[in-house]
Amino acid sequence: MSEEVEPNSGSAEVQKQGGKMTKEKANKGRYAATHLRHAVWTFLAMFVMLVGVTALILWIVYRPHKPQFTVVNAVIYDLNITSPPIISTTMQFTIVTRNLNRRVSISYDRLSAFVSYRNQEITPPTVLTPLFQERHSTVALSPILGGRAVPVSMEVVNGLVMDEGYGVVGLRLVVLGRLRWKAGPFWSGHHRVYVKCGMLVGLKKGFVGQVPLFRSSDCRVDI
């Protein structure tokens, strides 16, 4: 008697083995992709951590101090009051700025300045030239402010008339802008800087020229 042989048994076995190999290859491919993603994320995390640690070390070593500003001289070229209450004045101030950092330079830009009296502006903002200050250095600025009429309140007019009668006027010089610190090849981001310099000047009605500074301390610097 002849034995009956299933015609497709070998073919089915081959297909089964081929399917198993394809599945194994797919699993290996998914494992390799997962491993690659894990390696990439690990590298990125270590890189970010290294940058952070480096930045922290640089900040500790080069930690910048705020600059100092002082008004050392004031000149009044004119000061006129007309109605409706309007003030027209031209003033010049000499401002000394000190960079106390021995390893860090300072770059200023978008600088502007104005003068206020009793918290009201009496000169329009004047744009100042950008400034780069070297490490541990001192720079003097002498901006001329005003030259254009500014509307003010009656409180300002009456207070100014009274103070001129006494011969002592309280003014505030305000400097606004942005700064960046430079340590070696590294630059910080931009920071807003707000400088307020309060002073008492000797001024009587009709006087023009250099006026004495009765009180002029270091200015307040906010960054």
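A helix here is a DSSP run of H or I at least four residues long, and helices are numbered from the N terminus. Keep in mind that you're working with a predicted model.

**Exercise 1. Find which helix holds Phe-43, then decide whether Phe-43 is buried or exposed.**

Step 1. Look along the chain: Phe-43 sits in helix H1, which covers residues 9-62.

Step 2. Check the cut-off. A residue counts as exposed when its relative accessible area is over 50%. Phe-43 has 56% relative accessibility, so it goes down as exposed.

Step 3. Now see who else is around. Phe-43 belongs to a nonpolar surface patch of about 850 Å², together with Leu-36, Val-40, Trp-41, Leu-44, Phe-47, Val-48 and Val-51.

**Exercise 2. Describe the second largest pocket: its space, its lining by class, and the element that gives the largest share.**

Step 1. Start with volume: the pocket holds about 160 Å³ of space.

Step 2. Sort the lining by class, and you get 6 nonpolar, 2 polar and 4 charged residues. Among the lining residues are Asp-78, Ile-81, Glu-164, Lys-204 and Phe-207.

Step 3. Ask where they come from. Strand S1 (68-82) and helix H2 (154-166) are the elements that each give two or more residues to this lining. The largest share, 4 residues, belongs to S1.

Step 4. Zoom in on Lys-204, one of the lining residues. Lys-204 is in the loop between S12 and strand S13 (209-211), and with 48% relative accessibility it counts as partly exposed. The C-alpha atoms of Lys-204 and Asp-163 are 8.1 Å apart, although 41 residues separate the two along the chain.

**Exercise 3. Work out how many salt bridges there are and which residues share partners in one network.**

Step 1. Recall the idea: side chains of opposite charge can pair when their charged atoms come close. The cut-off used is a nitrogen-to-oxygen distance within 4 Å.

Step 2. The count is 3 salt bridges. One joins Arg-178 to Asp-109, with 3.3 Å between the closest N and O atoms. Arg-178 is in strand S10 (residues 168-183) and Asp-109 in strand S3 (residues 105-117), so this pair ties together parts 69 residues apart in sequence.

Step 3. Next, Asp-222 meets Lys-196 at 3.9 Å, N to O. Asp-222 lies in strand S15 (residues 220-222) and Lys-196 in strand S12 (residues 191-202), so here the tied parts are 26 residues apart in sequence.

Step 4. Asp-222 also pairs with Arg-220, at 3.3 Å from N to O. Shared partners therefore put Lys-196, Arg-220 and Asp-222 into one network.

Step 5. Compare how covered the members are. Lys-196 is buried at 18%, Asp-222 is partly exposed at 24%, and Arg-220 is exposed at 51%.

**Exercise 4. Say what is unusual about the backbone at Arg-118, Asn-119 and the bond from Ser-83 to Pro-84.**

Step 1. Get the background straight: most residues other than glycine have a negative phi, and most peptide bonds are trans.

Step 2. Arg-118 isn't a glycine, yet its phi is positive, about 55 degrees. Asn-119 isn't a glycine either, and its phi is about 65 degrees.

Step 3. Place them: Arg-118 is in the loop between S3 and strand S4 (120-121), and Asn-119 lies in the loop between S3 and S4. Arg-118 is partly exposed at 39%, while Asn-119 is exposed at 69%.

Step 4. Finish with the peptide bond. From Ser-83 to Pro-84 it is cis, with omega near -5 degrees, and Pro-84 is in the loop between S1 and strand S2 (86-98).

Conventions. Residues numbered from 1 in each chain as written. Predicted model: local features only at pLDDT ≥ 70, side-chain atom pairs only at ≥ 80, totals over all residues. Heavy atoms only, no water. Patch = residues over 30% accessible without salt bridge, like charges linked within 9 Å, V, L, I, M, F, W, Y side chains within 5 Å. Areas by Shrake-Rupley, 256 points an atom, 1.4 Å probe, with all protein chains shown as cover. Salt bridge = Lys/Arg side-chain N within 4 Å of Asp/Glu carboxyl O. Buried < 20%, exposed > 50% of the residue type's maximum accessible area, 1.4 Å probe, protein only. 1 Å grid on protein atoms, 1.4 Å probe; cavity = no way out; pocket = protein on both sides within 12 Å on 5 of 7 lines; lining within 4 Å. Points joined across faces, edges and corners; volume = space filled by probe spheres on them. Nonpolar A, V, L, I, M, F, W, Y, C, P; charged D, E, K, R; others polar.
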